[in-house]
Amino acid sequence: MSKTIVLAGNQNCGKTTLFNCITGANQYVGNWPGVTLDRVSGYVASQDLKVVDLPGLYSLSPYSPEEIVSRRFLLEGKYDVIVNVVDATHLDRSLSLTCELLSFKRPMVLAINMMDLAAKEHLEIDLKALEKTLGVPVVAISAAANENIDALFAAIKQAQVSPAVVYDEVLQESINKIATALTAADSSLQAAANSKGESSNFIALSLLQHDKNYLALYQDKEALLSEVNKEVLSLEKHFGTDVESLIAQERYAFIDRTLKQVVTTGQGRYNSLSQRIDNIVTNRFLAIPIFAFIVYMVYYLAVSTIGTMGTDYANDVLFGEYATNAATALMTSINAPEWLSGLVIDGIIGGVGAVLGFVPQMIVLFILLSLLEQSGYMTRVAFVLDRIFRHFGLSGRCFIPMIVATGCGVPAVMATNSIDNINEKRITIITTTFMPCSAKLPILAMIAAAFFPESTLVAPAIYFLAIFAIAFTALVLKKDSAFNEEVSPFVMEMPNYTMPKLRNVLRSTYERCRAFVIKAGTVIFTTVVAIWFLSNFNFVDGGFGMVDVSDSMLAAFGSALAFIFIPLGFASWQASVAIITGLLAKENVVGTLAVLLGLGEVAEDDASLGAALHGEFTTSSAALAFLAFNLFSTPCIAALGAMKRQLQSKRLFIFAIVYMLAFSYSLSLIIYELGGLIMGQVAFGPGTVVAIALVLVGLYLVFRPERKNRVNLRIPAKQI
């Protein structure tokens, strides 16, 4: 008979790694707290086990979204065994949650993870003594190294309800009395809380601690609440302290007694190494320069050196020669008509190939980002940026979705669930897609290679420009009462630095690149085929047939829209069409330009798309304006859908779209006019005056007084 087990534990204790290990799944793994934001299910066929991975949490008091998800499932979900995953190097902190889980009176197993790191800390844990104290099976594992997993499965079969007594007998007696009163409560309430005969102790503890959810649930049960108040008064009189403090004191007294019996400590070289590194990378004066240098090196390796070598080979040789020559030979051998040859060579290979050619750069970028994430450095960046973000009305927790956004905007928007401050969450949802994701990387690499081949600063500069755009937007929006709220305190665990596991790095890189390639094989393929067709056909001489690209249906459509982008320095219909298709999916920008600029017709000795761009953008400032508009305008349709779901407001969603389009257009105009003026590429004129006016408007929006009386945009806060 199939069993269901639930993985519960602190953030960053290795639950998701264990979930991947036993189920063969590819859930995202990172060395920072809050990687799992919602429960995830899997199956272990060899053991006939259903597995549920809950978000990490430190307490079952539902204050954060993760804690709400976890507590709700533990109370209402159908499962057989709780597998409490704990970090061997932080056993003192982990056992607090263990004590709460014991109160559910469910079969339980304690899985002590990261024993290899505990060995480096010279920590010795007496597993038998701990098992005797807690009254449940205890097994040491290493999920990252796939060690002792069979022992964990054996322990799950032996799981039992713990007979351990955590609290003082007087306090425990009060808990039992309230639990008894609970069983006499309304049967419908019992069903809603998943048979309180199993979780009555936990609910009794919650009522004693004045849990608002349960007080509201039982507000019409006078007899039960009367019993709770009676026991609260009795306990406070007996112990001379409030019940919440008493329960915490009793819990930690039990933990202290347990640790003295089961843990032997030594000289912790591993933890001290992390501290020595943190003294440098989180230093008040060195932290930001170090972060800037690391970002520079990441993009230098991915966009300017190693990644570029792979991209050049893919574009010039793999697609530019091998694929094109093979397709040409095939079309010739079957006497294919002109339109079919054009579709295959200029459309499919030229368009899709130009996009897929940037995959080597993505592979290098994602490998480097995964190394930083899994080593624990990105947690330090969130901590460092918290000091800066706080001045803009955000906290360091908002940086986590921004990290995720470097891969894809959709999970980045979903990652805002970890932000409990509703207005911080809203601002982060609106701005997090400003970060250059994998779909935007080809555009960035294309412009950098074509117009700044000798510079290694363009890509990292765009990264920091994205952070500036987020900070600017936060400052502007926080001036309005609809977004104005006290910045939430930023509390995040600083995990020890760890050596990234090759398997996790490769898995993370594979999943991110796989998503991009799949999109290239579906959305981009469909788009470039449509673009090729519309750019080669039109109604002529009373019929319908192939025409010169300048006389095509697409040329007519693009020409009608081109005037919109004249102030940004590019007025060709090709660039206009590329921007429009980019609003659907950013990957389309490169593919569209590849088709419209006739990449398949470029000479073999100059086969890169970048070379063809010099005829499209006459100045580098215009190319930068084109890049900025595509990077900071609305994200792809999928990300917009995620934004709409997360914002849960039609008005706020429309506002977000309008704001992103207005911001990207204004920024692009400023870059073209003022940047071009500084570089001597654009003469002073009316556009320059408009750009200066936009800069002044931006400064006014930043420094204007907060609006407290009049609110134009009223969006009700989400009730958590």
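Q: Buried means under 20% relative accessible area, exposed over 50%, and partly exposed in between (1.4 Å probe, protein chains only). So what makes Tyr-300 count as partly exposed?

A: Tyr-300 comes out at 28% relative accessibility, which falls in between the two cut-offs, so it counts as partly exposed. Tyr-296, with 24%, gets the partly exposed label too. Bear in mind that this is a predicted model, where local features need pLDDT of at least 70, side-chain atom pairs count only at pLDDT 80 or more, and totals for chains, interfaces and linings use all residues. Residues are numbered from 1 along each chain as its sequence is written, and side-chain values use heavy atoms, with hydrogens and water left out.

Q: Why is the Tyr-296 and Tyr-300 aromatic pair called stacked?

A: Rings of Phe, Tyr and Trp (its six-membered ring) pair if their centres lie within 6.5 Å; planes under 30 degrees apart are stacked, over 60 edge-to-face, and the rest tilted. The structure holds 24 aromatic pairs. In this one, Tyr-296 and Tyr-300 sit 5.8 Å centre to centre with 20° between the planes, which passes both tests, so the pair is stacked.

Q: How do you know that Tyr-296 and Tyr-300 are about one helical turn apart?

A: They are 4 residues apart in helix α14 (residues 287-304), and that spacing is about one turn. Helices here are DSSP runs (H or I, at least four residues), as are strands (E, at least two), both numbered from the N terminus.

Q: What makes Tyr-659 and Phe-663 a stacked pair?

A: Their ring centres are 5.9 Å apart and their planes meet at 20°, so this pair is stacked. Tyr-659 and Phe-663 both belong to helix α31 (residues 650-678), 4 residues apart. At 13%, Tyr-659 is under the cut-off and counts as buried, and Phe-663 is buried at 10%. Ring pairs link these two with Phe-434, Phe-468, Phe-472, Phe-632 and Phe-655 into a cluster.

Q: How do you know that Arg-106 lies over the face of Tyr-79?

A: A charge sits over a ring if NZ of Lys or CZ of Arg is within 6 Å of the ring centre and within 35 degrees of the ring normal. Arg-106 is at 4.1 Å from the ring centre of Tyr-79, which fits the distance limit, and it is listed as lying over the face.

Q: What makes Cys-408 a cysteine that is in no disulfide?

A: A disulfide is a pair of cysteine sulfur atoms within 2.5 Å. By this rule the count comes to 0 disulfides. For Cys-408, the nearest cysteine sulfur belongs to Cys-636 and is 6.1 Å away, which is outside the limit. Cys-408 is partly exposed at 30%, while Cys-13 is buried at 2%.

Q: Why is the contact between Glu-231 and Lys-177 called a salt bridge?

A: Side chains of opposite charge can pair when their charged atoms come close. The rule asks for a side-chain nitrogen of Lys or Arg within 4 Å of a carboxyl oxygen of Asp or Glu, and it gives 6 salt bridges here. Glu-231 and Lys-177 meet at 4.0 Å, N to O, and are counted as one of them. Glu-231 lies in helix α11 (residues 222-239) and Lys-177 in helix α7 (residues 169-183), so the pair ties together parts 54 residues apart in sequence. Glu-231 is buried at 4%, whereas Lys-177 is partly exposed at 37%.

Q: How do you know that Arg-380 forms a salt bridge with Asp-278?

A: The closest N and O atoms are 2.8 Å apart, inside the limit, so the pair qualifies. Arg-380 is in helix α18 (residues 377-389) and Asp-278 in helix α13 (residues 269-281), so parts 102 residues apart in sequence are tied together. Both partners count as buried: Arg-380 at 1% and Asp-278 at 15%.

Q: What makes Glu-373 and Arg-512 a salt bridge?

A: Their side chains meet at 3.1 Å, N to O, again inside the limit, so the name applies. Glu-373 lies in helix α17 (residues 359-375) and Arg-512 in helix α24 (residues 502-536), so this pair ties together parts 139 residues apart in sequence. Glu-373 is buried at 0%, and Arg-512 is buried at 13%.
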